[in-house]
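The following exercises concern the overall fold of a protein and one pair of its strands. Please examine the sequence and the model before reading each solution.

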Amino acid sequence: MTELHRTVTRLFEEYFGTDPDAVFQAPGRVNLIGEHTDYNGGFVLPCAIDRRTCMAVKARTDDSFHVMAANIDNRSSQWRCSLPMEADDENPWSNYLRGVTEQFLKRKITPTGMDIVVLGDIPQGAGLSSSASFSVALATAVSYVGKLGMSPTEIALLCQAAENEFVDCQCGIMDQLISAAGKQQHALLIDCRDLSYREVGLPADMEILVVDSKVARGLVDSEYNIRRSQCEEAAAILQVNSLREADMDRLLDNGSRMPSKTFRRARHVIGENERTVAAAEALSLGDYVALSALMAASHVSMRDDFEITTPEIDLLVEIVGQVLGEQGGVRMTGGGFGGCVVALAPKSYSKKIIDAVNEHYPRETGLTPEIHLCTASDGAGVIKDQKP
């Protein structure tokens, strides 16, 4: 049991005056390549990371949920598991969980009520998918307690629907699916059109570095929805169901029919799908030179065509890239407008990268970065079942 699991168990005992039945966890994620392709039916290559949301849970005898969020000043929220589900404007964090319970009810499943204490170590606002982890942890707990036997894909779809419909963020499936289905020491190449995925082993001599720029991601929700709308506009002009069904030749043939921004958004998505599949192959072959080029091209496309990077993020990519050369890859990761960059680097390069970032980035931006050395982890599940 990790320190996080011990702490959330202790907090539950202090708050509710009894032991939890079990502790559940769901990891955050970092996406190695394949940005803004998921809601376009494309390919992504994320891995779950060893930063997670933990929920200590005890079943109730009624249909009420009582949740205390230890990371948010011990704020609490309570609701009955019945329709219509009401939002909690004073505790907007709870709406991710309320949306999950609503989705179960819409599927004609009434969850067992629960007392819950939630605690996580995923950096907030860094683009490492703490919100999806939050939702997936609860859906995993409901499935386990109710003996529903839900698959990772079923849990992911339910949590995506909760975020789309109740929280009103039109996210794709990637964050929820990798949190539910991740595998230790592997990335997953996910086909977001049919939700199939295959494991891609990460080389034992490589390390995942996540560098938090400390640039707050204030525009991400509204701009995310704008980008999604622009992609849908491009698909309509190209007369395809999604940009996954288009190729670069088709886009170029029809480019004059699109506004410039719409064309560039589509060019990013179509190119990113190609890069993501190629990056999975490069990883499988240990071809770091190809991986380096693909991740660099992905970042340039996010910067110039999708316009979701910031000067600070671009600087971080430049600093890390100068150290790495062709021995690994670096790019922005996540929804954009701040957040993090991800580097896949030989372990022997980690200290050099950390030293370079700590030397140059604060001096040029006035910001102090936070660097996380991460490993690919397993997806959501029960951590500790205290019942015999």
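The model is predicted.

**Exercise 1.** Determine what share of the 388 residues is buried.

*Solution.* A residue is called buried when its relative accessible area is under 20%. By this criterion, buried residues account for 60% of the 388 residues in the protein. The exposed area of the protein is about 15600 Å², of which carbon and sulfur atoms supply 47%.

**Exercise 2.** Decide whether the radius of gyration agrees with that of a compact globule.

*Solution.* For 388 residues, a compact globule would have a radius of gyration near 21 Å. The protein has 21 Å, so the two values agree. Along the principal axes, the C-alpha atoms fill a box of roughly 60 × 50 × 40 Å. Contacts add a further view: among those between residues at least 6 apart in sequence, 72% join residues at least 24 apart.

**Exercise 3.** Describe the pairing of strand β10 with strand β11.

*Solution.* The protein contains 11 helices and 13 strands. Strand β10 spans residues 329–333, and five of its five residues are buried. Strand β11 covers residues 340–346 and runs antiparallel to β10, with five bridges joining the two. One bridge can be located by residue: Arg 331 has Val 342 in β11 as its partner. The two strands form a hairpin with six residues between them, in which Gly 334 takes a positive phi near 100°.

**Exercise 4.** Count the charged side chains and compare the centres of the two sets.

*Solution.* There are 37 positive and 54 negative side chains in the protein. The centres of these two sets lie 2 Å apart.

Terms used. Residues are numbered from 1 along each chain as its sequence is written. This is a predicted model: local features need pLDDT of at least 70, side-chain atom pairs count only at pLDDT 80 or more; totals for chains, interfaces and linings use all residues. Side-chain values use heavy atoms; hydrogens and water are left out. Helices (H or I, at least four residues) and strands (E, at least two) are DSSP runs, numbered from the N terminus. The radius of gyration is taken over C-alpha atoms; the globule rule is 2.2 Å times the number of residues to the power 0.38. Buried means under 20% relative accessible area, exposed over 50%, partly exposed in between (1.4 Å probe, protein chains only). Contact means heavy atoms within 4.5 Å. Accessible areas come from the Shrake-Rupley method with a 1.4 Å probe; for residues, only the protein chains shown count as cover. Lys and Arg count as positive and Asp and Glu as negative; His and the chain ends are not counted. The place of a charge is taken as NZ of Lys, CZ of Arg, CG of Asp or CD of Glu. Two strands pair if DSSP finds at least two bridges between them.
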